[in-house]
Amino acid sequence: MTEQGIHRCFAEVLQFPGYYGANWDALVDCLSDLCGEVTGGVGIVGVIHDADLILDADHFPLLVSVLCQAADRANTSADLDGFPSDRPALSEHFHFEFRDFDPENIALRVRQPDLIVTTGADHVAAALNPEVWH
């Protein structure tokens with residue numbers, strides 16, 4: 001639930017390198033550069049169970065933004081400057097599971113200028129706002 005716990009969990013489960021900096025920028029970098037050994041070359045869907053436990057944390061909106069940033073980078077075959085990457089695009093998505101699913105409350109917590117948030121009866125989706133990020 002804590003920022004440190006989130007970094008530790010991602011690093012352990014996804015086998016981040018020893019030099020992982022355990023900060024938000026480093027999380028974006030490591031998630032967007034997952035190697036084929038970890039993903040099998042096909043990408044990942046990261047599932048965050050019991051997301052209710054972090055929904056009210058101050059860092060929850062930032063975590064969602066960071067995961068969107070990482071997925072956006074991983075899902076493209078170009079680097080940050082728009083040049084072809086030295087690796088193929090990997091499919092990377094993140095799914096939050098809530099015990100008490102309240103789409104409007106979740107959307108309110110996630111909504112911020114750098115994200116586009118959409119809701120439905122059974123989902124809340126977030127993606128990078130292209131006017132801010134591209």
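User: How many disulfides does the count come to here?
Analyst: This is a predicted model, and a disulfide needs two cysteine sulfurs within 2.5 Å. The closest cysteine sulfur to that of Cys-9 is in Cys-30, too far for a bond at 14 Å. Cys-68 is in no disulfide either, with the sulfur of Cys-30 as its nearest, 18 Å away. The count comes to zero.

User: Is Cys-68 buried or exposed?
Analyst: The cut-off for buried is under 20% relative accessible area. Cys-68 has 12%, so it falls on that side of the cut-off. Cys-9, by contrast, has 42% and counts as partly exposed. For Cys-68, then, the word is buried.

User: Which residue caps the N-terminal end of helix 2?
Analyst: Helix 2 runs over residues 24-32. Look for a side-chain oxygen lying 3.1 Å from the backbone nitrogen of Asp-25. The residue that supplies this oxygen is Asn-23.

User: Which backbone oxygen does the side chain of Ser-32 reach?
Analyst: Ser-32 belongs to helix 2, and with a relative accessible area of 2% it is buried. Its side chain gets to a backbone oxygen at 3.1 Å, and that oxygen belongs to Asp-29.

User: How many of the nine residues of helix 2 are buried?
Analyst: The buried ones are Trp-24, Ala-26, Leu-27, Val-28, Cys-30, Leu-31 and Ser-32. That leaves helix 2 largely enclosed by the rest of the structure. The number buried, out of nine, is seven.

User: What do the buried residues of helix 2 pack against?
Analyst: Two helices and a strand come up here. One partner is helix 5, which covers residues 60-74. The full set is helix 1 (3-13), helix 5 and strand 2 (92-96).

User: At roughly what angle do the axes of helix 2 and helix 5 cross?
Analyst: Two packed helices are described by the angle and the distance between their axes. For helix 2 and helix 5, the axes come within 8 Å. The crossing is right-handed, and its angle is roughly 35°.

User: How many residues of the contact of helix 2 with helix 5 are nonpolar?
Analyst: On the helix 2 side, the residues include Trp-24, Leu-27, Val-28 and Leu-31. They meet helix 5 residues, among them Leu-62, Leu-63, Val-66, Leu-67 and Ala-70. Two of the contact residues are polar and two are charged, while the nonpolar ones number ten.

Notes: Residues numbered from 1 in each chain as written. Predicted model: local features only at pLDDT ≥ 70, side-chain atom pairs only at ≥ 80, totals over all residues. Heavy atoms only, no water. Buried < 20%, exposed > 50% of the residue type's maximum accessible area, 1.4 Å probe, protein only. Helix = DSSP H or I, 4+ residues; strand = E, 2+ residues; numbered from the N terminus. Polar contact = N/O pair within 3.5 Å; in protein donor to acceptor, adjacent residues only side chain to side chain. Axes fitted to C-alpha atoms, helices over the stretch in contact; angles between N-to-C directions. Left-handed = near helix turned anticlockwise from the far one by under 90°. Contact = heavy atoms within 4.5 Å. Nonpolar A, V, L, I, M, F, W, Y, C, P; charged D, E, K, R; others polar.
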